[in-house]
Structure formats: structure tokens, C-alpha cells
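Biologist: I'm new to this one. Can you walk me through it?
Modeller: Sure, here it is.

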Amino acid sequence: MSEISHKWLNGLPKIELHLHIEGTLEPELLFKLAKRNSIQLPFNSIDEVKKAYKFSNLQDFLDIYYQGAKVLLHKQDFYDLTWAYLLKCKEQNVVHVEPFFDPQTHTSRGVPFETVVNGISEALSDAKEKLGITSRLIMCFLRHLNEESAIEALKSSEQFTDVIYGVGLDSAEMGNPPEKFQNVFNMAKNMGYKLVAHAGEEGPASYIWSCLDILNVQRIDHGIRAIDDPDLMLRLIETQMPLTVCPLSNVKLRVFDSMKNHTILDMLDLGLCVTVNSDDPSYFGGYMTENFLALDDSLGLSKDQASRLIKNSIDASFAEEGRKQELFNLLNSYITNQ
Ligand code: ADE
Ligand code: ZN
């Protein structure tokens, strides 16, 4: 019998550090935007869409995810997408978020860079004012494209350094090692951006080493393949390098064949700075509360483990020091009083 209830997990103050805003596009909004923008979808109903969300690997998912993103054309579309996610955060007591967006997915279809950034950042700003949710926006480069294209995206971001806080690296990992993006990450660092990158999701532990030593990242997104490499595990523990782990995503994309075999809690208990996140919640079956619930259902999560996971997220976040203190206070008073 678990010591944790759905109500306790939902009310627990949570922080999300690995979330692709395009991955929050729910089938209902997909249809609404397709209609609004006169875009033909290859699906006839919401049921058909949901049935298509069965993936055998990352590429399977990415094909459907890039296809869904085609309904996003106007600033209002990006605003509506982001606002819907933020309302979900409010419902689940997610109090600080650091969402990713993929500008190249949109600029390659002729959508201006500023349309994307303005729509997302206005929703984030409204969320701070109206919902009390703070945020840091992170722009990801698509690793299946070349470095020149990433440099072009970086240059487009120059006018938006007040709303974009960091850069990341996502999309198809295998065959696209971090080294391919050494120059653009160096340029981004010189522009003052925080640096993160997906590594060790499907790719090998060696990609995590490269992110640390060549790209100089401050967080690793996923990173679960670190468990294959004892020297890397020691390095991650010693440096408390954060890993933004996404349990439901890992099972949906067959990185683990079952949640029962997920290693996040072993990594937590070994002293790694692992965190829980939802990645692409519309496609993977749940937001933050559902990710914690899935861990509890399959692995048994103690209240102490849950609060250590949140503490790691606060430590790993790019929130300013004062806000981090507020987040720690929120967590501590919840743990003490609930
Ligand atoms: N883009 C959106 N979700 C992703 C994931 N899980 N891995 C790599 N790229 C992504
Ligand atoms: Zn991701």
C-alpha cells in the first residue's frame, strides 16, 4: 500500500525542467487550430489521433510530433498552446517551468521567428501575473539539421535575449552527436545563454560525456544511459550535474520496456541529481502529476523520495536565487503540513 495519494502528489509544489511546448498540443486543440487555419489533417477524429500515438522509438514519435506542429501558424496559436499548458500547471500545482521550443520546426515552414517567441513569451508573462507561475524559456536546436541552421536560429534570437534564457539540443539523437554543435553552443555561451542538451535518451553514455566536456552544458536532458558507465555516474554524483528525466516518455518510446524497470529511483538513491518531468505530455499520457503517479504505481515512491526529487528540481532550475528560496519554502511547508 502506497504512502502517497493522488491528492498529495497533485498538491505537491512541482517544478518542470524538461517540457517541449509543441509536445503539449492536445488532440482537441490540434483539431481546433487545424480548422481555424484551414489545414488538412490526416486524421478524422480525436480517437484516430489517440490511436496513432503508439511509438516504437524516438523517430516514430518525432514524425507525428513535427506533423502536429504544422497547425501552429499565428502568434495567437502559440499563445493558446502555451496558455493551455500553463492552466494544466495551475491545476497540478506546477509553480515554476522552463519550457523548450523548437524555432526551426516553424521557421522552416515560413512562420517568422518573432511570431513563435512572442506568442509563447506573452503567455508565460501572463502566467506570472495571473497564475503566479514563474518561467525560463529555452530555445532548442534540432540536431537532425546542420549546425549552420542552428547558428541561423541563434542569430534570430539576438533581439529576444530578454525572454529567451537558454539554449538546448533535441530531436533525433542517434547519429547526431553533441560534437556536431560545438561552435553554436560556444557562441550561445558567449551570448550569455544557459546551456542544456538532450543526451543518453536513446544515444550512448559517450554522448553525455561530450555534452559535459565539449558543449559545457549545465543540465543533461534525459541522461538515463549514464547508468551504463560507472565513471560517468561518479562524475555526475560528484558534480551534482542535473538530469531531467521523463518517466512516461521513456516507457512510451521504449527506452525502458516497463515502468517497473525504470532506474530513476535507483539513481536518486545513489545520490544523482535526478528530476521528474513530462517531456511531451500530450503524446506520452500525462503531465507532471501523472509522471509521479506512474512512478508510485510501478516502483513505490516514498514521500521522502518525492520531496528529494522536487528539491533537486529547485537546485537544478535557472530561477533567480530569491525565487529558489521561495520554492524551497513552498516545498518545506507542504511537506510539514500535509
Ligand atoms: N523533441 C521532443 N521530444 C523529444 C525527445 N523526447 N527527445 C528528443 N527530441 C524531442
Ligand atoms: Zn525532450
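**Helices, strands and spaces**

Modeller: Let's start with helix α15, residues 288–299. At 1.5 Å a residue, its 12 residues should span 16 Å, and the end C-alpha atoms are 16 Å apart, so the two agree. Keep in mind that this is a predicted model.

Biologist: Which residues of α15 are buried?
Modeller: M288, T289, N291, F292, L293, A294, L295 and D296 are buried in α15.

Biologist: What comes just after α15?
Modeller: G300 does, and its phi is positive, about 75°.

Biologist: What about α7, what span should its residues give?
Modeller: α7 has 19 residues, so at 1.5 Å a residue it should span 27 Å. Its end C-alpha atoms are 26 Å apart, which agrees.

Biologist: Which residues of α7 are buried?
Modeller: The buried residues of α7 are F113, T115, V116, V117, G119, I120, S121, A123, L124, D126, A127 and L131.

Biologist: Why would residues three or four places apart point the same way?
Modeller: An α-helix has 3.6 residues a turn, so residues at that spacing point the same way.

Biologist: And what follows α7?
Modeller: G132 follows α7, with a positive phi near 75°.

Biologist: Which residues other than glycine have a positive phi?
Modeller: N93 is one of them, with phi near 55°. S171 is another, with phi near 80°.

Biologist: Where does N93 lie?
Modeller: N93 is in the loop between α5 (75–91) and β2 (94–97). N93 counts as partly exposed because its relative accessibility is 28%, and that class runs from 20% to 50%.

Biologist: And S171, buried or exposed?
Modeller: S171 is buried, because its relative accessibility is 8% and the cut-off for buried is under 20%. S171 sits in the loop between β6 and α9 (182–190).

Biologist: Switching to strands. How many residues of β5 are buried?
Modeller: In β5, residues 137–142, 6 of 6 residues are buried. Both faces are covered. L137, M139 and F141 are on one side, and I138, C140 and L142 are on the other.

Biologist: Which strands run alongside β5?
Modeller: β3 (residues 100–101) is joined to β5 by 2 bridges, and the two run parallel. β6 (residues 164–170) also pairs with β5 in the parallel sense, over 6 bridges.

Biologist: Which residue in β5 is the bridge partner of F101?
Modeller: M139 is the partner of F101. On the β6 side, C140 stands opposite G168.

Biologist: How does the chain get from β5 to β6?
Modeller: The chain crosses through helix α8, residues 147–156. This β-α-β crossover is right-handed.

Biologist: Now the spaces. What is the volume of the largest pocket?
Modeller: The largest pocket has a volume of about 400 Å³. Of the 17 residues that line this pocket, K128, T134, S135, R136 and D162 are the closest to its centre.

Biologist: Which elements give two or more residues to that lining?
Modeller: They are α7 (113–131), β4 (134–135) and β6. The largest share, 4 residues, comes from α7.

Biologist: How do the residues of that lining divide?
Modeller: The lining of the largest pocket has 7 nonpolar, 5 polar and 5 charged residues.

Biologist: How many cavities are there of 30 Å³ or more?
Modeller: A search of the whole structure finds 2. The largest cavity has a volume of about 100 Å³. Of the 15 residues that line the largest cavity, H20, L58, L62, S171 and H198 are the closest to its centre.

Biologist: Which helix gives the most to the lining of the largest cavity?
Modeller: Helix α4, residues 58–68, gives the most, with 5 residues. By class, that lining has 6 nonpolar, 4 polar and 5 charged residues.

Biologist: And how much space lies in the second largest cavity?
Modeller: About 40 Å³. The second largest cavity is lined by L30, F43, V49, Y53, I64, Q67, G68 and Y283. The largest share of this lining comes from α4, with 3 residues.

Biologist: How many charged residues are in the lining of the second largest cavity?
Modeller: There are no charged residues in that lining, which has 6 nonpolar and 2 polar residues.

Technical notes:
Residues are numbered from 1 along each chain as its sequence is written. Chains are lettered from A and ligands numbered from 1 in the order in which they are written. This is a predicted model: local features need pLDDT of at least 70, side-chain atom pairs count only at pLDDT 80 or more; totals for chains, interfaces and linings use all residues. Side-chain values use heavy atoms; hydrogens and water are left out. Buried means under 20% relative accessible area, exposed over 50%, partly exposed in between (1.4 Å probe, protein chains only). Two strands pair if DSSP finds at least two bridges between them. A crossover is right-handed if, with the strands pointing away from the viewer, the path from the first strand over the helix to the second runs clockwise. On a 1 Å grid over the protein atoms alone, a cavity is a set of points where a 1.4 Å probe fits but cannot get out, and a pocket is an open set with protein on both sides within 12 Å along at least five of seven lines; lining residues have an atom within 4 Å of a point. Grid points are joined across faces, edges and corners, and a volume is the space filled by probe spheres set on the points. Ala, Val, Leu, Ile, Met, Phe, Trp, Tyr, Cys and Pro count as nonpolar, Asp, Glu, Lys and Arg as charged, and the others, Gly among them, as polar. The expected span of a helix is 1.5 Å times one less than its number of residues.
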